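Morning, everyone. I'll take you through one model today, starting with a pair of side chains and working outwards. Please have a look at it first.

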Amino acid sequence: MLWTEFTALMLLATAMSFTPGPNTALATAMAANAGLRHSLRFVLAVPVGWCLLLLLCSVGVGALVAQVPALRWGIQLGGCSYLLWLAWRLAGTRQLAQARADRLQVGFGQGVLLQFVNIKAWFLALTIIAGWVAGQPNMGLRLGIVVPVMVFFAFSSNLTYACLGAVLRHWLAQGQRLLWFNRGMALLLAVTALWMLQGQTPGFVP
């Protein structure tokens with residue numbers, strides 16, 4: 001892989017990974033409500049899901065998703081429904097104890113599966129495979145470079161947002177701050193869910 005190609009990949013990974021989106025919103029909200037330790041399962045699940053998604057796209061599954069409207073819409077509707085459900089539960093969380101009890105139970109498996117119901121994630125993964133891996137004589141080597149880069153950025157971005165949430169945790173516990181913070185995060189998830197339904201062009205906020 002040429003240095004210019006690797007630089008372009010790094011710029012794309014940085015822009016996509018650190019822009020607020022459903023994964024970073026959940027990581028922030030989980031750490032703010034239940035602590036950094038509680039959010040780590042989800043933070044670790046995101047790069048695992050991304051790794052599996054990229055590998056599936058490298059063997060042609062991503063192209064199938066892009067070309068079959070029924071499959072594409074199934075993923076879109078499933079992902080939007082799940083994000084809206086999470087937004088609804090998050091919006092009603094007023095106290096830290098309530099969040100620990102039942103509101104933000106997004107485990108490792110759910111975090112991995114969330115990557116597979118985001119149609120924008122599919123299209124970005126397909127774009128990366130098409131632009132940096134497919135059709136090249138050294139596909140295996142290129143895949144060995146691309147996957148770790150995207151996994152690293154998926155992990156580091158969500159960990160950064162989770163740490164931010166953990167820093168705000170005690171400040172949010174005062175008065176109605178946590179309620180309004182959660183409503184803001186819920187609104188971000190809801191807007192992201194609706195955004196996922198618009199258009200079919202590549203692009204994804206992780």
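Let's begin with the charged pair. A search across the whole structure turns up one salt bridge. Keep in mind that this is a predicted model. The partners are arginine 142 and glutamate 5, and their closest N and O atoms are 3.0 Å apart. A salt bridge here needs a nitrogen and an oxygen within 4 Å, so this pair at 3.0 Å qualifies. As a general point, side chains of opposite charge can pair when their charged atoms come close.

Where do these two residues sit? Arginine 142 is in helix H9, residues 139–172, and glutamate 5 is in helix H1, residues 3–17. The two parts are 137 residues apart in sequence, so the pair ties together distant stretches of the chain. Is arginine 142 buried or exposed? Arginine 142 is buried, with a relative accessible area of 5%. The cut-off for buried is under 20%.

Now the overall picture. The protein chain has ten helices and zero strands. Read along the sequence, the pattern is α-α-α-α-α-α-α-α-α-α. Of the 206 residues in the chain, 48% are buried. Take the contacts with a separation of 6 or more: residues 24 or more positions apart account for 85% of them.

Next, H9 and some of its packing partners. I'll show three.

Partner one is helix H2, residues 22–34. The axes of H2 and H9 come within 7 Å and cross at roughly 35°. The crossing is right-handed. Which residues make the contact? From H2 we have Asn23, Thr24, Ala27, Thr28, Ala31, Ala32, Asn33 and Ala34. From H9 we have Ser157, Asn158, Tyr161, Ala162, Gly165, Ala166, Arg169 and Leu172. Sorted by class, the contact of H2 with H9 has eight nonpolar, seven polar and one charged residues.

Let's zoom in on one residue there. Alanine 31 lies in H2. Alanine 31 is buried, with a relative accessible area of 0%. How far is its C-alpha from that of alanine 166? The separation is 4.9 Å, although the two are 135 residues apart along the chain. Set aside neighbours within four places in sequence, and alanine 31 is in contact with Leu36, Ser39, Ala162, Gly165, Ala166 and Arg169.

Just past the end of H9, look at alanine 173. Alanine 173 sits in the loop between H9 and helix H10, residues 177–196. Alanine 173 is partly exposed, at 44% relative accessibility. Its C-alpha is 9.1 Å from that of alanine 32, and those two are 141 residues apart along the chain.

Partner two is helix H3, residues 36–58. H3 and H9 pack at about 155°, with axes 9 Å apart. That angle makes H3 roughly antiparallel to H9. This crossing is right-handed. By class, the contact of H3 with H9 has 21 nonpolar, three polar and no charged residues.

A residue to look at in H3 is leucine 44. Leucine 44 is partly exposed, at 44% relative accessibility. Leaving out neighbours within four places in sequence, leucine 44 is in contact with Phe108 and Phe155. The C-alpha atoms of leucine 44 and valine 112 are 8.8 Å apart, with their positions 68 residues apart along the chain.

Partner three is helix H8, residues 119–132. H8 and H9 pack at about 145°, and their axes are 11 Å apart. H8 passes H9 in a right-handed crossing. Here Ile128, Ile129 and Trp132 of H8 meet Arg142, Leu143, Val146 and Met150 of H9. There is our arginine again, from the salt bridge. By class, the contact of H8 with H9 has six nonpolar, no polar and one charged residues.

One last stop, back in H1. Leucine 12 is in H1. Leucine 12 counts as partly exposed, at 22% relative accessibility. What does leucine 12 touch, beyond its neighbours within four places in sequence? The answer is Leu124, Ile128 and Trp132. Leucine 12 and isoleucine 128 are 116 residues apart in sequence and 9.2 Å apart in space, C-alpha to C-alpha.

To recap: ten helices, zero strands, and one salt bridge, which links H9 with H1. Thanks for listening.

Technical notes
Residues numbered from 1 in each chain as written. Predicted model: local features only at pLDDT ≥ 70, side-chain atom pairs only at ≥ 80, totals over all residues. Heavy atoms only, no water. Salt bridge = Lys/Arg side-chain N within 4 Å of Asp/Glu carboxyl O. Helix = DSSP H or I, 4+ residues; strand = E, 2+ residues; numbered from the N terminus. Buried < 20%, exposed > 50% of the residue type's maximum accessible area, 1.4 Å probe, protein only. Axes fitted to C-alpha atoms, helices over the stretch in contact; angles between N-to-C directions. Parallel < 35°, antiparallel > 145°, perpendicular 65-115°, else oblique. Left-handed = near helix turned anticlockwise from the far one by under 90°. Nonpolar A, V, L, I, M, F, W, Y, C, P; charged D, E, K, R; others polar. Contact = heavy atoms within 4.5 Å.
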